[in-house]
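Here is a short tour of one protein chain, for you to follow with the coordinates open. Take a look at the fold before reading on.

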Amino acid sequence: MTLEETKAMTAEYIMATAKRLSVAWDKGDGVYLWDTEGHKYLDLLAGIAVNILGYQHPKMVDAMVQAASKPLHVTNIYHIPSQAQLAQQLVEASFPGKVFFCNSGTEANEAAVKLARKWGNESSGGSKNQIITTQRSFHGRTLAMIAATGQEKVRRGFDPQMPGFVSVEFGDIAALAAAINQDTCAIMLEPIQGEGGINLPPAGYLEQVRALCDEHNILLIFDEIQTGMGRTGKMFAYQHENIQPDILTLAKGLGSGVPVGAMIAQNGIAETFTPGSHGGTFGGNPFICSVASAVFQAIQDDDLITHSAEVGAYFLEALVKLTEKFSFLHNARGLGLMLAIDLDMPAGPVVEAGLKKGLILNAVQEKTLRFVPPLILQKQHVDEAIAGMTEIFEGLS
Ligand SMILES: Cc1ncc(COP(=O)(O)O)c(C=O)c1O
């Protein structure tokens, strides 16, 4: 099918919930994608922080072939070895706890919010069920998660809003402390805000949030759907600090392209869910868990966490140099391979110009370029990206 045919059929048959760039992908290899017209592109987006192993990674392909020769789906009324194995890997990499599997980031956060509300309601006689989130956060698109998300634009048109969420400025510990009352059961935040524009908290903030939660007997939920699985140079971003959350949510890189979400809760809190409390038909099915388990193993065996820290630091240094060279670029920032740079002008045209040069760039918020590439990115790919972007920026000077 040609690009023009695909575009025409998309316009006719698919709801226009996404603004699409004028390209369709045909094949991939490592950190490169080829479009349906045969042009090659360096991918600095990874399907929005998903494809951490890039494309056609041999370990992932092997895992998929093996898993495809066994039942793909059986339901959670039976025991599932690959599910148990993936849960063990996640718990051993995080904290002593238990895992609930689902299909997406939004569902992982829904599960976290249900668990926190049930925990709070059971310990208070039914009133401790309010959750504090942060402005500019993004937690997903279901009715509960748009209420949790600190961006008005995702809620517009969907009233009435689900009650039970309040939102305070990200990074402002005094505002957070002031928002806590006897009905608060949890604080939910991204250690680094992704969709909000790659916003890093001030030093010490996450530890202060943990201390507030301990002081008030409130659960701390870290949404690591974008930051998790090695992206920031640690398996989970909270591991840059000397703290643990009570609940951790994951998706995106967890499956490196197969759809999977997970919610991990500390032992003692996880038991709040009992048979029938929560569930889903597909969550944790054997196929997905076998593949995600192989992805997890590859992150560890290939030391992609150290790699992401090293290549990320190299990339960040190069972005800082770009801000020194071009006066309309500012605020190069990020951790590991979760990076961004601000522009004085809309970032959309830069993304379009990138496509013409064989670079997959991404605009998050109006004037920010975000970089969340596959974790297998090498320094020579960074050089290639910086050279391409330099040409684009020279054209704008
Ligand atoms: C931090 C964060 N939480 C939740 C979500 C929602 O995940 P999904 O789109 O898989 O439902 C996203 C997606 O961008 C995210 O970045």
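## A pair of strands to start with

Let's begin with a small detail: strand 14 and strand 15 (residues 368-371) run antiparallel and are joined by 2 bridges. If you want to find the spot, look for Val-364, whose bridge partner in strand 15 is Thr-368. Please keep in mind throughout that this is a predicted model.

These two strands belong to an open sheet of 4 strands, in the order 11-12-15-14, with antiparallel pairing. Strand 11 (329-335) and strand 14 (363-364) are the edge strands, each pairing on one side only.

## The chain as a whole

Stepping back, the chain holds 13 helices and 15 strands. Its radius of gyration is 21 Å, close to the 21 Å given by the globule rule for 397 residues, so the chain is as compact as a globular protein of that length. The C-alpha trace spans about 65 × 55 × 45 Å along its principal axes.

How much of the chain is buried? Buried residues account for 47% of the 397 residues. Sequence-distant contacts are plentiful too: taking contacts between residues at least 6 apart in sequence, 73% join residues at least 24 apart.

## Two domains and where they meet

The chain is divided into domain 1 (60-301) and domain 2 (303-369 + 385-397), so you may notice that domain 2 is given in two segments. The centres of the two domains, taken over C-alpha atoms, are 28 Å apart.

Where the domains touch, 13 residues of domain 1 are in contact with 16 residues of domain 2. On the domain 1 side, this contact surface is made of 5 nonpolar, 5 polar and 3 charged residues.

## The largest nonpolar core

Now for the interior. The largest nonpolar core has 114 residues, and the members that touch the most others are Ala-116, Ile-187 and Ala-262. Helix 10 (residues 286-301) supplies the largest share of this core, with 10 residues. Both domains take part: the core draws at least three residues from each of domain 1 (60-301) and domain 2 (303-369 + 385-397).

Which residues surround Ile-187, leaving aside its neighbours within four places in sequence? Ile-187 is in contact with Ile-132, Leu-176, Val-209, Cys-213, Ile-218, Leu-220 and Ile-221. Displaying these side chains together is a handy way to see one of the core's most connected members, since Ile-187 is among the three that touch the most other members.

Conventions. Residues are numbered from 1 along each chain as its sequence is written. This is a predicted model: local features need pLDDT of at least 70, side-chain atom pairs count only at pLDDT 80 or more; totals for chains, interfaces and linings use all residues. A nonpolar core is a set of buried Ala, Val, Leu, Ile, Met, Phe, Trp, Tyr and Cys residues joined through C-beta atoms within 7 Å. A residue is buried if 20 or more other C-beta atoms lie within 10 Å of its own, exposed if 12 or fewer, and partly exposed in between; C-beta atoms are placed from the backbone. Two residues are in contact if their C-beta atoms, placed from the backbone, lie within 7 Å. Two strands pair if DSSP finds at least two bridges between them. The radius of gyration is taken over C-alpha atoms; the globule rule is 2.2 Å times the number of residues to the power 0.38. Ala, Val, Leu, Ile, Met, Phe, Trp, Tyr, Cys and Pro count as nonpolar, Asp, Glu, Lys and Arg as charged, and the others, Gly among them, as polar.
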